[in-house]
Amino acid sequence: MFDELIQYKNNGHFFFKKGDKLSVQSQEVPELPGVYYILRLAKAKVELVYIGKSGTMLQNGQFKNQLLKGRINNKQEGMKRQQYFEQKIEQENIDALDIYWFVTYNKHHQDLPGFVEGLIIQRYFELHGCLPPWNKEF
């Protein structure tokens with residue numbers, strides 16, 4: 001979807017639908033720094049609804065403890081992601097969410113997740129003139 005992400009070979013995706021347990025669906029996501037985006041599959045349409053990052057780097061070159069798996073399973077808008085996704089699926093008549101993740105910082109690449117997130121949000125903004133629907137600010 002984003003050419004900027006092709007270089008990151010440590011990547012994957014999983015589906016989340018009504019009745020799924022997020023921690024089970026995301027069990028293959030590594031605890032490494034990176035970015036992710038969420039596609040909404042609804043009414044025979046696919047739409048990007050969220051772009052996020054995990055892994056905030058501290059001044060000393062270390063990452064804070066919340067990496068990809070932890071971030072995907074954490075919170076959004078003050079509620080657990082499991083609950084948030086279930087609520088969105090119900091409210092927006094979503095068939096499934098397709099969640100893609102990319103490790104941007106490892107022995108092959110040392111791209112800060114915040115930088116890569118900014119790049120792909122910029123690309124989205126250039127095409128649509130706004131942020132993805134579930135991104136409230138950047």
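Two residues are in contact when their heavy atoms lie within 4.5 Å. By that rule, contacts can be sorted by how far apart the partners sit in the sequence. In this predicted model, contacts between residues at least 6 apart in sequence were considered, and 70% of them join residues at least 24 apart.

The overall fold was examined next. The protein contains four helices and six strands. Along the sequence, these elements follow the order β-α-β-β-α-β-β-α-β-α. The pattern thus opens with a strand and closes with a helix.

Overall dimensions were then compared with a simple expectation. The protein has 138 residues, and a compact globule of that length would have a radius of gyration near 14 Å. The value for the protein is 15 Å, so the two agree. Along the principal axes, the C-alpha atoms fill a box of roughly 45 × 35 × 25 Å.

Burial and surface were also computed. Of the 138 residues, 46% count as buried. The protein exposes about 7900 Å². Carbon and sulfur atoms supply 50% of that area. Charged side chains comprise 18 positive and 16 negative ones. The centres of these two sets lie 4 Å apart.

Helix 4 was inspected in detail. This helix covers residues 113–128, a run of 16 residues. At 1.5 Å a residue, helix 4 should span 22 Å; its end C-alpha atoms are 22 Å apart, so the expectation is met. Several positions of helix 4 are buried: Pro-113, Val-116, Glu-117, Gly-118, Ile-120, Ile-121 and Tyr-124. The cover over these buried residues includes strand 2 and strand 3. Just after helix 4 comes Gly-129, with a positive phi of about 75°.

Backbone angles elsewhere were checked against the usual pattern. Most residues other than glycine have a negative phi. Ala-44 departs from this sign, with a positive phi near 60°. Ala-44 sits in the loop between strand 2 (34–42) and strand 3 (45–54). Its relative accessible area is 86%. Exposed means over 50%, so Ala-44 counts as exposed. Asn-93 is not a glycine either, yet its phi is positive, at about 50°. Asn-93 lies in the loop between helix 3 (81–91) and strand 6 (96–103).

Terms used
Residues numbered from 1 in each chain as written. Predicted model: local features only at pLDDT ≥ 70, side-chain atom pairs only at ≥ 80, totals over all residues. Heavy atoms only, no water. Helix = DSSP H or I, 4+ residues; strand = E, 2+ residues; numbered from the N terminus. Rg over C-alpha atoms; globule rule 2.2 N^0.38 Å. Buried < 20%, exposed > 50% of the residue type's maximum accessible area, 1.4 Å probe, protein only. Areas by Shrake-Rupley, 256 points an atom, 1.4 Å probe, with all protein chains shown as cover. Lys, Arg positive; Asp, Glu negative; His and termini not counted. Charge placed at Lys NZ, Arg CZ, Asp CG, Glu CD. Expected span 1.5 Å × (residues − 1).
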